[in-house]
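Here are a few exercises to work through with the model open beside you. Try each task on your own before reading the solution.

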Amino acid sequence: EFSDCSSFRLNDTLQGMNVKYFLQFLTAKILLPHIYCKQTSKVVSNTDIPLWLAITLERISFDVEFFSKGVEHMANVANCSPTHLERTMKKYLNITPLDFLTDLRLKYVARTLLISDQTVNSIFFEAGYTNISWGRKLFKQRYGVTPAKYRKDNKIKDMNPNDSVVF
């Protein structure tokens, strides 16, 4: 969809986009005008970052199929090399693609623990953790409790899986 990472021409991109990605494009540039960078505790305007990166982050953020596949896949979605993606994310957001994906994965796991009866291991696997022990360790570091305890203490009853939960 993008000719390369460093240049972006609106007409070329919109021509090849289907409706879903066009809406994500609009979301990236209009509806979500700022990205919060937790590493630097500052808000970065989408106008400050390259458009291809804003679109990539939006596409990755909202679909477990994208963020569960890792940095290589994220770079493919961005149509650039993993090295270029990492340099650009560090420059504009002060975060690596791996840290960004880890954050998304842990939020997904936390949300799914609250609204689903899936096993903890299957949730971690679905989020992209092939080493479940590593995922559990990261979860405990982030949330201060094991996934099972987190679920037990915070389980939301009678919640529709499509409802949003903010973490």
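**Exercise 1. An arginine and its surroundings**

Find the backbone oxygen that the side chain of R151 reaches, then describe the setting of this residue in the predicted model.

*Solution.* Start at the side chain: R151 reaches the backbone oxygen of L113 at 3.0 Å. Next, place the residue in its element: R151 belongs to helix α10, which spans residues 147–154. Now look for a partner of opposite charge. R151 is buried but has no salt bridge, and the nearest oppositely charged side chain, that of D117, lies 5.6 Å away. A salt bridge would need a side-chain nitrogen within 4 Å of a carboxyl oxygen, so D117 does not qualify. Finally, list the contacts beyond four places in sequence: R151 meets T112, L113, S116, D117, Q118, V120 and I123.

**Exercise 2. Two sides of a helix**

Work out which residues of α5 are buried and how they are arranged around the axis.

*Solution.* First, pick out the buried residues of α5 (residues 71–78): M74, A75, V77 and A78. They lie on the same side of α5, because they cover an arc of only 155° around the axis. Then turn to the face pointing away from that buried side, where the exposed residues E72 and N76 sit. Next, ask what covers the buried residues: the cover includes α3 (51–61), α4 (64–67), α6 (82–93) and α7 (97–115). To finish, step past the end of the helix: α5 is followed by N79, which has a positive phi near 60°.

**Exercise 3. From one methionine to the core**

Which residues does M74 touch, leaving out those up to four places away in sequence? Use M74 as a way into the largest nonpolar core.

*Solution.* Begin with the list for M74: T56, L57, I60, L85, M89, P97, F100 and L101. Then widen the view. The largest nonpolar core has 37 residues, and those touching the most other members are L53, I60, M74, L85, M89, F100 and F139. Sort the core by helix: α3, α4, α5, α6, α7, α8 (120–126) and α9 each supply at least two of its residues. The largest share, ten residues, comes from α7.

**Exercise 4. A serine in α9**

Is S133 buried or exposed? Find its C-alpha distance to N121 as well.

*Solution.* Locate S133 in helix α9, residues 132–143. Its relative accessible area is 54%, and the cut-off for exposed is over 50%, so S133 is exposed. Last, the distance: S133 and N121 are twelve residues apart in sequence, and their C-alpha atoms are 9.0 Å apart in space.

Conventions
Residues are numbered from 1 along each chain as its sequence is written. This is a predicted model: local features need pLDDT of at least 70, side-chain atom pairs count only at pLDDT 80 or more; totals for chains, interfaces and linings use all residues. Side-chain values use heavy atoms; hydrogens and water are left out. Helices (H or I, at least four residues) and strands (E, at least two) are DSSP runs, numbered from the N terminus. Buried means under 20% relative accessible area, exposed over 50%, partly exposed in between (1.4 Å probe, protein chains only). Lys and Arg count as positive and Asp and Glu as negative; His and the chain ends are not counted. A polar contact is a pair of N or O atoms within 3.5 Å; within protein, one must be able to donate a hydrogen and the other to accept it, and residues adjacent in sequence count only if both atoms are side-chain atoms. Contact means heavy atoms within 4.5 Å. The arc is that of the directions from the helix axis to the C-beta atoms. A nonpolar core is a set of buried Ala, Val, Leu, Ile, Met, Phe, Trp, Tyr and Cys residues joined through side-chain atoms within 4.5 Å.
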